[in-house]
Amino acid sequence: MDITTVRAFRLAHTRDDLVLAPGEVVIAGGTWLMSEPQPAVTGFVDLTGMGWPDIEVAADGLRIGATCTIARLVAFAAEAPIEWTAASLIPDAANALLASFKIWNTATVGGNVCRAFAAGAMVSLCVALDGVAEIWSGAGDRELPVAELVTGNGTTALAPGEVLRSIRLPAAALRSRAALRKIALAEHGRSGAVVTGRVDPDGTSVFTVTAATWRPTVLRFPAVPDAAVLAAAVHGAAGYYTDPLGSADWRRGVSAVLAEEIRRELT
């Protein structure tokens, strides 16, 4: 789409370049920004000039640059350290995204997280693996769990002037046994519910529900719960909603079914 209000474009190279003038917004892949009118936007500031590494592997986990494309992250899953068994969630999450391979090659992980749609597949992935967002601003950097960064359907805890720099996935979560399930009313439709589960090396377990709730739902247990405990936790989660792609009751019901499938697989 032509964004007819844009009058300026500049490439950011340093942190000083991330200070935005009125009407400017940051852009990386731009798959959402360029998909519909942006009447308040008069300038783009391109983050790709910052030169952030896409993928950084360290002993304490994985650092994903905000400008890393979904396609690059999916490719990394095939080359991840063998002990990072939960890297198998990466292609599963990407496939839960209603997008073609062409979008994968342009859309960025950071953009999908910051857009914060309920069905954002990179949100599902990052929340499932206890992802932590590294946030830059002139007022001082900070870190925030992705589960807290996303505050609603299309809303985040980012303040004006803040930019997502990267997302860190801890090694402990990456070494877990993990699984993901999704469901949509249409075969190739937007996800109505995405449920993940993982069992960490210490035996604790984490189940998450996204797409079915306005904001990510994270359920933690000291061990793999029994069926009744897990079902009660999933049914009792807040934020199930109704839209043309599914009712709240349907989302709640299918989330419980998917969670039980994962629980059985992990046990």
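The radius of gyration is taken over C-alpha atoms, and the rule for a globule is 2.2 Å times the number of residues to the power 0.38. With 267 residues, a compact globule would have a value near 18 Å, and the chain, at 18 Å, agrees with this. What you have open is a predicted model, in which local features need pLDDT of at least 70 and side-chain atom pairs count only at pLDDT 80 or more, while totals for chains, interfaces and linings use all residues. Residues are numbered from 1 along each chain as its sequence is written, and side-chain values use heavy atoms, with hydrogens and water left out.

**The whole chain**

Begin with everything selected and shown as a cartoon: the chain has nine helices and 14 strands, where helices (H or I, at least four residues) and strands (E, at least two) are DSSP runs numbered from the N terminus. Along the principal axes, the C-alpha atoms fill a box of roughly 55 × 45 × 35 Å. Of the 267 residues, 49% count as buried, a word that means under 20% relative accessible area, with exposed meaning over 50% and partly exposed in between (1.4 Å probe, protein chains only). If you take contacts (heavy atoms within 4.5 Å) between residues at least 6 apart in sequence, 59% of them join residues at least 24 apart.

**The largest nonpolar core**

Next, select L73, V113 and M122, which touch the most other members of the largest nonpolar core, a set of 59 residues. Such a core is a set of buried Ala, Val, Leu, Ile, Met, Phe, Trp, Tyr and Cys residues joined through side-chain atoms within 4.5 Å. The largest share of this core, seven residues, comes from helix α5, residues 121-128. Nonpolar side chains tend to be buried together in soluble globular proteins. Staying with L73, and not counting residues up to four places away in sequence, you can add the residues that L73 touches: I55, I64, C68, I90, V109, M122 and L125. Apart from this core lies another, of 20 residues, including A193, V195, V199 and L266.

**Helix α5 and the residue after it**

Now select α5 alone; how many of its eight residues are buried? Eight of the eight are, so α5 is largely enclosed by the rest of the structure. These buried residues are A121, M122, V123, S124, L125, C126, V127 and A128. Just after α5, move to D130, which takes a positive phi of about 55 degrees and lies in the loop between α5 and β6 (132-136). Most residues other than glycine have a negative phi.

**A second positive phi**

Select A211, in the loop between β13 (205-210) and β14 (217-221), where phi is near 70 degrees, a positive value in a residue other than glycine. A211 is buried, with a relative accessible area of 0%.

**G110 and L164**

Finish with a pair in contact, starting from G110 in helix α4 (residues 109-115). G110 counts as buried because its relative accessibility is 4%, and, leaving aside neighbours within four places in sequence, G110 is in contact with A66 and L164. Follow that contact to L164, which lies in strand β10 (residues 163-170) and likewise counts as buried, at 4% relative accessibility. With neighbours within four places in sequence again left aside, L164 is in contact with W52, A66, G110, V113, C114, A133 and E134. As a last step, draw a line between the C-alpha atoms of L164 and R142, which are 22 residues apart along the chain and separated by 9.9 Å.
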